[in-house]
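Welcome, and thanks for taking a look at this model. Please keep the structure open while you read, as the report moves from one part to the next.

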Amino acid sequence: MPWPLAFALLAQMLFRTAYTAISIPYGSLSAAITTSADERNMLATFKVWGGALAALAVALGSQPFVALWPTPQLGWLMLALLIGTVSSAAFVVMFLRTREQPPGEAPPPAFGTMLRALAENRPFLVLLAAIVAVNIATVISGKVTVYYFTYYLQRPDLTGLGLAIQVAAVLLLTPVWSWVGRRWSKRQAWLWGAGVATAGLAALYAYGGKDPAVVMTILALVQIGGAAIPITMWSLIPDTVEVGEWKTGARVEGAVFGVVTLGQKVALGVGIGLTGLLLQASDYVAGAVQAPQTLRGLHLMMTVPSMLGFAVSAAIMWFYVLDGRLHGRIVRALERRTA
C-alpha cells in the first residue's frame with residue numbers, strides 16, 4: 001500500500017474514532033438535560049438546524065476559502081484546520097455551559113444490565129430498525145445523485161442545486177415537522193413525512209423523463225417529506241431512555257445513543273457497498289458515454305431504494321407505541337419510584 005494512501009486511511013480511522021467518542025455523549029445530553037418530550041423536540045430542532053447550516057456553509061464557502069491560498073493543497077489544509085479548531089472550541093463551550101440533571105446515587109449499571117435495558121426496550125428496538133432501514137436506502141440514492149445528474153439528466157451543473165434543495169428543505173421544514181410532532185405525535189410526523197417522500201419517489205420513478213424542471217419539482221416534494229426524518233429521529237431517541245429505566249431500573253443514555261450510532265455506521269457501510277455493487281451490475285463505466293441499461297440502472301438507484309426505505313421505515317414505525325402521553329406517565333412513575 002502506498003504510504004499516502006496508508007496515511008489517509010489511518011488519519012480517517014483516527015478521526016472517525018475520536019468523533020464517535022465525542023458524538024455519543026454529545027447526543028446523549030438531550031436525554032440527560034431534560035425528561036420533557038417537548039423540550040427534547042426543541043433540542044432536536046436546533047440540532048438539525050445547526051447541522052443544516054453547517055452543511056450549507058461548507059458547501060458555499062469551501063471553494064472560495066481554498067481559492068484564497070497559493071495552492072489548493074495548502075487551502076484545503078488550512079480549511080481543515082479552521083473547521084477542526086472551530087468545532088473543537090464549540091465542544092469546549094458546550095462542556096462549560098451545559099448543566100445536566102443531578103445524577104442518582106446508584107453506581108453505573110453493569111454491561112449485562114445495559115444490554116438487558118436495550119433488549120427489553122421495544123420502542124428503542126422499533127426505532128432502531130426504522131433508522132437503519134431509512135439510512136441504508138437514502139445512502140444509496142444520495143451517493144448516486146451525482147451520477148444521476150451527470151449521466152441520466154446530462155446536467156452536471158444542476159447537482160449543486162439538487163443538494164441545495166435538500167438543505168433548504170431541512171432549514172425550512174424542520175420547525176414545521178417539529179410542530180407536527182408536538183401537535184399530534186412524533187410517530188405521526190415520521191409516518192406523514194415518510195409517506196410524502198415515498199409518494200414523491202414513486203412519482204419520480206413513474207415519470208422517468210429528463211426534464212430538469214419536472215425532476216427538480218418532484219425532488220423538492222421528496223425533500224419536504226424527508227425533512228421530517230432527522231428532526232423526528234433525534235427527538236425520539238432520548239424518549240426511549242426512560243422506557244429502559246422503567247423496565248430494568250438502569251438508565252443507559254450512552255448505550256442507547258451508542259447503539260444508534262453503530263446502527264447508522266452499519267447502514268452507511270451497507271449502503272455504500274450496495275451502491276458499488278449496483279453500479280457494477282448496471283455496467284457503469286466512469287467518464288464514458290453510458291449504455292441504455294446503465295441509464296435505466298441509475299434511474300432505478302435514484303428512486304427505488306429510497307422509496308422502499310421510507311416505506312419500510314413507516315411500516316416499522318407503525319408499531320411504535322411511545323407517544324407523549326405514555327412517556328409522561330413513565331417519567332412520573334420513575335419520579336415516584338425515586339422518591
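## Helices, rings and loops

His 299 is found in helix 11; helices here are DSSP runs of H or I with at least four residues, numbered from the N terminus. The model is predicted: local features need pLDDT of at least 70, side-chain atom pairs count only at pLDDT 80 or more, and totals for chains, interfaces and linings use all residues. Residues are numbered from 1 along each chain as its sequence is written, and side-chain values use heavy atoms, with hydrogens and water left out.

With a relative accessible area of 7%, His 299 is buried. On this scale, buried means under 20% relative accessible area, exposed means over 50%, and partly exposed lies in between (1.4 Å probe, protein chains only). The C-alpha atoms of His 299 and Tyr 152 are separated by 7.3 Å, although the two residues are 147 apart along the chain.

Helix 11 itself has a kink of about 30°, centred on Leu 300. Helix 6 also bends, by about 45° at Leu 173, and a proline, Pro 175, follows within four residues. The bend at a residue is the angle between axes fitted to the seven residues ending there and the seven starting there.

How do the spans of these helices work out? The table sets expected and modelled values side by side for helix 6, helix 10 and helix 11. The expected span is 1.5 Å times one less than the number of residues.

| Helix | Residues in helix | Expected span | End C-alpha distance |
|---|---|---|---|
| Helix 6 | 25 residues | 36 Å | 36 Å |
| Helix 10 | 29 residues | 42 Å | 42 Å |
| Helix 11 | 26 residues | 38 Å | 38 Å |

Now to the packing. Helix 5 (residues 122–152) and helix 10 (residues 253–281) pack at an angle of about 35°, with their axes 8 Å apart. Axes are lines fitted to C-alpha atoms, for helices over the stretch in contact, and angles run from 0 to 180 degrees between N-to-C directions. The contact of helix 5 with helix 10 has 19 nonpolar, five polar and one charged residues. Here Ala, Val, Leu, Ile, Met, Phe, Trp, Tyr, Cys and Pro count as nonpolar, Asp, Glu, Lys and Arg as charged, and the others, Gly among them, as polar.

The structure holds ten aromatic pairs. Rings of Phe, Tyr and Trp (its six-membered ring) pair if their centres lie within 6.5 Å; planes under 30 degrees apart count as stacked, over 60 as edge-to-face and the rest as tilted. The Phe 65 and Trp 69 rings have centres 6.0 Å apart and planes at 55°, so this pair is tilted. For Tyr 151 and Tyr 284, the centres are 5.6 Å apart and the planes at 70°, so that pair is edge-to-face. Because Tyr 151 lies in helix 5 and Tyr 284 in the loop between helix 10 and helix 11, the pair ties together parts that are 133 residues apart in sequence. Tyr 151 is buried at 17% relative accessible area, while Tyr 284 is partly exposed at 22%. Ring pairs link Tyr 147, Tyr 151 and Tyr 284 into a cluster.

Which phi does Asp 283 take just after helix 10? Its phi is positive, about 65°, and Asp 283 is partly exposed, with a relative accessible area of 44%. Gln 154, in the loop between helix 5 and helix 6, has a positive phi of about 55° although it is not a glycine. At 58% relative accessibility, Gln 154 counts as exposed.

Conventions:
Helices (H or I, at least four residues) and strands (E, at least two) are DSSP runs, numbered from the N terminus.
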